Amino acid sequence: MEKLQKYLDVQLKNIKYLLKKPASEYTNDTFHQLRVRIKKLNSLLIFLKYIFENFKAKKYIKPLKRVFRKAGNIRELQIEEAKLEIYFLNNSLPNYKSILNKDQVKSVKQFSSILESTDLAVLKKIRHYLCPFIKKLNEQSVKEYSDKLICEIREILSQDLFQNKTIHDIRKRLKNLMYIQESLAVTGNDKLFTDIKTLSELFGDWHDYRVTIKHLEKTDISNLPPSENRQIEKIKLDFNLKSTSLLSIINVKKLHL
């Protein structure tokens, strides 16, 4: 399929461009874009694996997943910084801000090491392996896969969304569905995919609060001033309430799918 081939080439071209940049030149947006491009590539691999029993691209994507995971660690810290920006601006968490900055510097250093050791030749290998499979695809295979994802999404939405694993499962499927539709520039039922996009964004907001809470909980703050400790406890409570509120909104939105 020509559209899918072009989509693959665009993702690989952008991933190559980003991987060639030194870590020192990365911005918040660069880390985000790298992860999005790899996610789009991975969604294509998941699609091909579903269609073809003999499709085995795990060894090709492995080097990119190392970069993806470390960039993810940095993105989570960046998200936390954005969530806590108002507290940093009024200087109510100066010591915790220092801890967060040190964690970011450490993570960027680790990312830089991984980035430098990543062989860009893997991108050519990925393309070489995927092309023969893509040529065998047809519109029916895409519809079959999309219908499968929609059914899975609806099934998961019928379950208890207050379980983290359930939310993780549905977020992956929502992204895969959105990316495969994007790759072929089709949306099918416009109303359905508008609702799916809205749900994906809501889950994204929920995720941002959860990763911030997770880092706040695992960070040793015992040596911080009592005032900062109290502030952090209030923030965790507030963010827990906001994440729970988002799930309540999602529970209402899901009824329209």
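**Close-up views of a ten-helix model**

**View A. S107 sits in helix α5, with I74 as its partner in space.** The coordinates are those of a predicted model, in which local features need pLDDT of at least 70 and side-chain atom pairs count only at pLDDT 80 or more, while totals for chains, interfaces and linings use all residues. Residues are numbered from 1 along each chain as its sequence is written, and side-chain values use heavy atoms, with hydrogens and water left out. Helices (H or I, at least four residues) and strands (E, at least two) are DSSP runs, numbered from the N terminus. S107 has a relative accessible area of 9% and is therefore buried, the classes being buried under 20% relative accessible area, exposed over 50% and partly exposed in between (1.4 Å probe, protein chains only). Although S107 and I74 are 33 residues apart in sequence, their C-alpha atoms are 6.1 Å apart in space.

**View B. The overall fold comprises 10 helices and 0 strands, with L48 and I213 as a separated pair.** Read from the N terminus, the elements run α-α-α-α-α-α-α-α-α-α, and the C-alpha atoms fill a box of roughly 65 × 45 × 25 Å along the principal axes. Of the 257 residues in the protein, 47% are buried. L48, a residue of helix α2, is buried because its relative accessible area is 0%. From C-alpha to C-alpha, L48 lies 36 Å from I213, and the two are 165 residues apart in sequence.

**View C. The second largest pocket holds about 270 Å³ of space.** A pocket is an open set of points, on a 1 Å grid over the protein atoms alone, where a 1.4 Å probe fits and protein lies on both sides within 12 Å along at least five of seven lines; lining residues have an atom within 4 Å of a point. Points are joined across faces, edges and corners, and the volume is the space filled by probe spheres set on them. The lining of this pocket consists of N42, L45, I46, K49, F55, K56, A57, K58, I61 and K65. Two or more lining residues come from each of α2 (28-51) and α3 (58-83), and α2 gives the most, with 4 residues. By class, the lining has 5 nonpolar, 1 polar and 4 charged residues, where Ala, Val, Leu, Ile, Met, Phe, Trp, Tyr, Cys and Pro count as nonpolar, Asp, Glu, Lys and Arg as charged, and the others, Gly among them, as polar.

**View D. E2 and K6 form a salt bridge in helix α1.** The structure holds 9 salt bridges, each a side-chain nitrogen of Lys or Arg within 4 Å of a carboxyl oxygen of Asp or Glu. In this pair the closest N and O atoms are 3.4 Å apart. Because E2 and K6 are 4 residues apart in helix α1 (residues 2-19), about one helical turn separates them, and both are exposed.

**View E. Salt bridges in helix α7 and helix α10 join K148 with E152 and K236 with E233.** K148 and E152 meet at 2.8 Å, N to O, and they are 4 residues apart in helix α7 (residues 139-157), about one turn of the helix. K148 is partly exposed at 26% relative accessibility, and E152 is likewise partly exposed, at 21%. In helix α10 (residues 226-253), K236 and E233 are 3 residues apart, so about one helical turn lies between them, and their N to O distance is 3.1 Å. K236 counts as buried at 13% relative accessibility, whereas E233 is partly exposed at 43%. Salt bridges that share partners also join K148, E152 and R173 into one network.

**View F. E80 of helix α3 is buried and has no salt bridge.** The nearest side chain of opposite charge, K218, is 8.3 Å away (Lys and Arg count as positive and Asp and Glu as negative, with His and the chain ends not counted). The side chain of E80 instead has a polar contact of 2.5 Å with that of Y96; a polar contact is a pair of N or O atoms within 3.5 Å, in which, within protein, one must be able to donate a hydrogen and the other to accept it, residues adjacent in sequence counting only if both atoms are side-chain atoms.

**View G. N91, a residue other than glycine, has a positive phi near 60°.** N91 is placed in the loop between α4 (85-89) and α5 (94-117). With a relative accessible area of 54%, N91 is exposed.
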